[in-house]
Amino acid sequence: MPPLHVTTPLWESRPLSALMGAPVYLKMEAFQPVGSFKARGIGALCKASVEAGALRLVCASGGNAGYAAAYAGRQLGVRTTIVVPRTTPAWMQDLIRREGAEVLVHGENWDAAHLHAAALAQAAGTAYIHPFDDPRIWAGHASLVHEIAEAGVRPGGVVVAVGGGGLLCGVLEGMHQVGWVDVPVVAVETQGTASLAAAVRAGRLVTLDRIDSIATTLGARTVAAEALAWTRRHPVTPWVVSDRAALMACLRFADDHRVLVEPACGAALSTVYDRAKPLEGVKPIVVIVCGGAGVSLGLLEQWTQQLPGC
Ligand code: PLV
């Protein structure tokens, strides 16, 4: 069986380092076989579920977790069903189908798809693959931090995009495992998906009324409780950017490094392109380039036309 995830490159970005006046390292999760870091934690959870006897996997996803689950399901030889909301691009659905998974379209956002998938997963022999809220996922994502440490880089700060907070939990778990217990983390969301920032402000979990952003894969209306808990035991700065900033970062990143990433990932990159305040004086900066397969030249063009001022 091919590996469910690969070791990704860690580059120093010369253009971004010049911009920041400090070394900027990119952990290139966009280079996973399924285009995002989800390969790690979702792969690990799918494998653990099949080893525990699951004959079928059901996952609700904005796209990337589902793609990772479909890929893992094919390698593991089990039937896989992915429930996506209507906002997941059609050709992303096709990518998932090409892995041999069944795709069901349900609801306007991830939360609606999740309720439907969790109900389907009640069937015997079926495991529910949550896209972000499971300790086995966080343990899988943590592996990317070990790779950074093994490359000999100790960050002065880490930038991470936040949807439901699974990546954040995994990165923080990994950072504590390698002893980076005081290294600040900038946790980035877009304005229409900012459920972590809202929770930190309120001091409790908050459910957003709706998701309104081109960064649909950051669109979890409520973050995992563990993500909020981490903000109480580690220096985490929630940071909210506009869709426009996220999109501009995708375009500039494509020019600088010839790699297409989703606005979910552009949101994290925008902190560097726009020299966000929490990164002032931070050296070196590590950006988790979470990637995302839900992007194309056509979609970048469409978003550019749809957003004012682009
Ligand atoms: N995407 C999830 C949740 O969507 C999914 O189902 O694919 N960057 C990319 C490219 C992502 O796809 C995601 C999550 C994130 C960042 C955020 O990761 P999280 O949810 O672990 O904070 C609604």
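I count a polar contact when two N or O atoms lie within 3.5 Å. This is a predicted model, so I trust local features only at pLDDT of at least 70 and side-chain atom pairs at 80 or more, while totals for chains, interfaces and linings use all residues. Numbering starts from 1 along each chain, and side-chain values use heavy atoms, without hydrogens or water.

**Ligand contacts.** I looked up the ligand's partners. A side-chain N or O atom of Ser61 sits 2.8 Å from a ligand oxygen. From the backbone, an N or O atom of Ala65 is 2.9 Å from a ligand oxygen, and one of Thr217 is 3.0 Å from a ligand nitrogen. On its own the ligand has 520 Å² of accessible area (Shrake-Rupley, 1.4 Å probe), and the protein covers 100% of it.

**The shell.** I took residues with a heavy atom within 4 Å of the ligand. There are 25, and Ser61, Gly62, Asn64, Gly163 and Gly165 come nearest. I sorted them into 10 nonpolar, 13 polar (Gly is put here) and 2 charged. Helix 3 (64-76) and helix 7 (166-177) each give two or more residues; helices are DSSP runs of H or I, at least four residues, and strands are E runs of at least two.

**Between domains.** Why does the ligand lie between domain 1 (10-37 + 135-306) and domain 2 (38-129)? Both give residues to its shell; the bounds come from an automatic or database assignment.

**Backbone oddities.** Most peptide bonds are trans, and most non-glycine residues have a negative phi. I found Lys283 to Pro284 cis, omega near -15°, with Pro284 in the loop between helix 11 (263-273) and strand 10 (285-289). Arg258 has a positive phi of about 60°, in the loop between helix 10 (243-257) and helix 11.

Conventions. A polar contact is a pair of N or O atoms within 3.5 Å; within protein, one must be able to donate a hydrogen and the other to accept it, and residues adjacent in sequence count only if both atoms are side-chain atoms.
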